[in-house]
Amino acid sequence: MGKSLYIAEKPSVAQEFARVLKLGASRRDGYLEGEDSIVTWCVGHLVTMSYPEVYDPKFKRWSLATLPFLPKEFKYEIIPSVSKQFEIVKGLLNRPDVETIYVCTDSGREGEYIYRLVEQMAGVKGKKRRRVWIDSQTEEEILRGIREAKDLSEYDNLSSAAYLRAKEDYLMGINFSRLLTLKYGDTISNYLKVNRTVISVGRVMTCVLGMVVKREREIREFVKTPFYRVEEEFSLSGRSARGEWRAQEGSRYFQSPKLYKENGFRKKEDGEELIRFLKEEPVKASIFSMERKKEKKNPPLLFNLAELQNECSRLFKISPDETLRVVQELYEKKLVTYPRTDARVLSTAAAKEIGRNIGGLRNYQKLSVFAGEVLMGTAWKNLAKTRYVNDKQITDHYAIVPTGQGFGALKSLTKLSEQVYELVARRFLAIFYPAVEYQKVQLVTTVRGEKFFSSFKILLSEGYLKVLPASADSGKKKGEDAEEVGCDTGLLEILKGLKKGDSVEVQDFVIKEGETSPPKRYNSGSMILAMENAGQLIEDEELRAQIKGSGIGTSATRAEILKKLVNNQYIALNVKTQIITPTLLGEMIYDVVRASIYSLLNPELTASWEKGLTQMAEGSITEEFYMQKLEKFITDKTQAVLGADYRRALMPCFDAASGFYKKGKGVKK
């Protein structure tokens, strides 16, 4: 009987498989071997795509005459620094006594690509190949993955999508980087007075740069507009309250040109005039209307990687790259499930076993009380019927949740790593708690026919906030008015006793000065979310619906894209605040791309390519169709740039950006 070979992506994962398989073997050079099984590993990528000069020495020299570069067959090579491990893996894959290969690389597109390249370069033939697809590194999950492993051929479409993603990034990067560098690199170099400028272009990277520059220029061009609001200070049975004036129908200022909006004036004098009018007679205020309603707020959905990166940026001021590093460490120590996921829900299968995850958290001292409370209730038993379980919203993996295991590793975690773990665990436990309940009261008072609006929001039941404090919740809904929030039963009783026509004691009228605000700069977390939700940046409704769920890049690559932009000095990342701003070089490259290959800056294009890769993985389009579309795009854009010269048009753009930085207004690190 032949042996089974298990090939993991990293040595640490291989060690887990060896432990679970109970090999009882000593470690060899690059693998472990037992009586029936062998476990080996890659070290990330062992194989990469060859540079153009490998196809022909003439391509080593950058020349417009050799563009576009579109090989009919792509060449690959072993990465020199890991060639020893590749030879070990190759030897094991082709060993005569190895009958079945279990592919245990990370369960996703990139993990599939890592193994397929190794198999391709190793020339594997005549072996049974099984794909192990797991969501965590717990013993139960590893054994389930091995037991339920499918034939590798069932993942051929995913493999094709992985190859296409690499070819696309390779061809766009090489062709457009060479093209724009040769055409406009000297123009930037001369302007900046530097020796050489390479214009690095990427399918996702350039689009993200465009988002950062556009936002910065919106802020730069924004003109603040002052406005003046009139507020009523009044008393409710001794309790101080405020009401905001609004020029609604019946007001002497209704639709007046003096208004900035219905709740504010363009000039302070007009607000003062309103106050004088209100005080011309003894002030008598009464309740015009009152609306009471209860509001429930359900626990938020679970974390996917983008949401977790955003929260960690907000709470801990760490970069998406650092968040991914931490959560990957937690995954490898069996504390959480697979981190590179876009899903915010659980699968039906995971929901059936969720009691083990909750039960395990009783061993986590900080949250043991909450885990115990959850198990005493029934919500976890009916989880499959809630919005937190939806198989249709899951592609490769379900949301990031604690496994309920691996607590021995907590002692070795840094403070930051444990904070991230606690954040994930709290979000998970919160879904088993009831909704938060509020009593909302909308009160309208009237003085001389002018209406003042007050909002009160009183906490009735803390629900899931017991386990997930407000500071770790998603905060206010977009556009939600500022309201008084608290658990004030005394105020609630006073409000319950009010009715239409009741008199109100007015203490004073005041003017509150404000001004319009520019758009906010992206921080590292909001940038990740903007990449994930590219559809929100797209005006075309049909296309927005088409690319929903694809976004720009993937959960596995978005942090790396930001890191590359920082390393290329195209954007600056403030380490303390995580705020992102473009550099002068980044703005110049943006202007070059905008003038020559504008579509590279559009989320529509980038997201539609990602959608195509998803369709390839689903088997709804062919590899040939995708490559034809890609090659035509590269050829058309290359020919268009070769036939044009935008250098003169770029100079005013460079001057404008440079002038901004020379005035010292560029945001510093």
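Biologist: Which helices do the buried residues of α9 pack against?
Modeller: The buried residues of α9 pack against α10 (320–332), α14 (415–430), α16 and α18. Contact means heavy atoms within 4.5 Å, and buried means under 20% relative accessible area, exposed over 50% and partly exposed in between (1.4 Å probe, protein chains only). This is a predicted model, in which local features need pLDDT of at least 70, side-chain atom pairs count only at pLDDT 80 or more, and totals for chains, interfaces and linings use all residues. Residues are numbered from 1 along each chain as its sequence is written, and side-chain values use heavy atoms, with hydrogens and water left out.

Biologist: How many residues of α9 are buried, and which ones?
Modeller: Nine of the 12 residues of α9 are buried, which leaves the helix mostly covered. The buried residues are Leu 305, Ala 306, Glu 307, Leu 308, Gln 309, Asn 310, Glu 311, Cys 312 and Ser 313.

Biologist: What are the expected and actual spans of α9?
Modeller: At 1.5 Å a residue, the 12 residues of α9 (residues 305–316) should span 16 Å, and the end C-alpha atoms are 15 Å apart, which agrees. The expected span is 1.5 Å times one less than the number of residues.

Biologist: Back to α16 and α18. At what angle do they pack?
Modeller: Helix α16 (residues 524–532) and helix α18 (residues 558–567) pack at about 125°, with their axes 10 Å apart. The axes are lines fitted to C-alpha atoms, for helices over the stretch in contact, and the angles run from 0 to 180 degrees between N-to-C directions. The angle therefore makes α16 oblique to α18; under 35 degrees would count as roughly parallel, over 145 as roughly antiparallel, 65 to 115 as roughly perpendicular and the rest as oblique.

Biologist: And which residues make the contact?
Modeller: On α16 they are Ser 524, Met 527, Ile 528, Met 531 and Glu 532, and on α18 they are Arg 558, Ala 559, Ile 561 and Leu 562. By class, the contact has six nonpolar, one polar and two charged residues. Here Ala, Val, Leu, Ile, Met, Phe, Trp, Tyr, Cys and Pro count as nonpolar, Asp, Glu, Lys and Arg as charged, and the others, Gly among them, as polar.

Biologist: Now the whole chain. How many helices and strands are there?
Modeller: The chain has 22 helices and 19 strands. These are DSSP runs numbered from the N terminus (helices H or I, at least four residues; strands E, at least two). The C-alpha trace spans about 100 × 70 × 40 Å along its principal axes. Of the 669 residues, 54% count as buried. Among contacts between residues at least 6 apart in sequence, 79% join residues at least 24 apart.

Biologist: Which residues have a positive phi although they are not glycines?
Modeller: Gln 255, with a phi of about 60°, and Arg 448, with a phi of about 50°, are of this kind. Gln 255 lies in the loop between β10 (239–246) and β11 (259–261), whereas Arg 448 is in the loop between β14 (436–447) and β15 (450–461).

Biologist: What is the accessibility of each?
Modeller: Gln 255 is exposed, with a relative accessible area of 66%, and Arg 448 is partly exposed at 31%.

Biologist: Where is the cis peptide bond at Pro 68?
Modeller: The bond from Leu 67 to Pro 68 is cis, with omega near 0°. Pro 68 is found in the loop between α2 (52–55) and β5 (76–78).

Biologist: Lastly, where is Lys 663?
Modeller: Lys 663 sits in the segment after α22 (647–662), and it is exposed at 66% relative accessible area.
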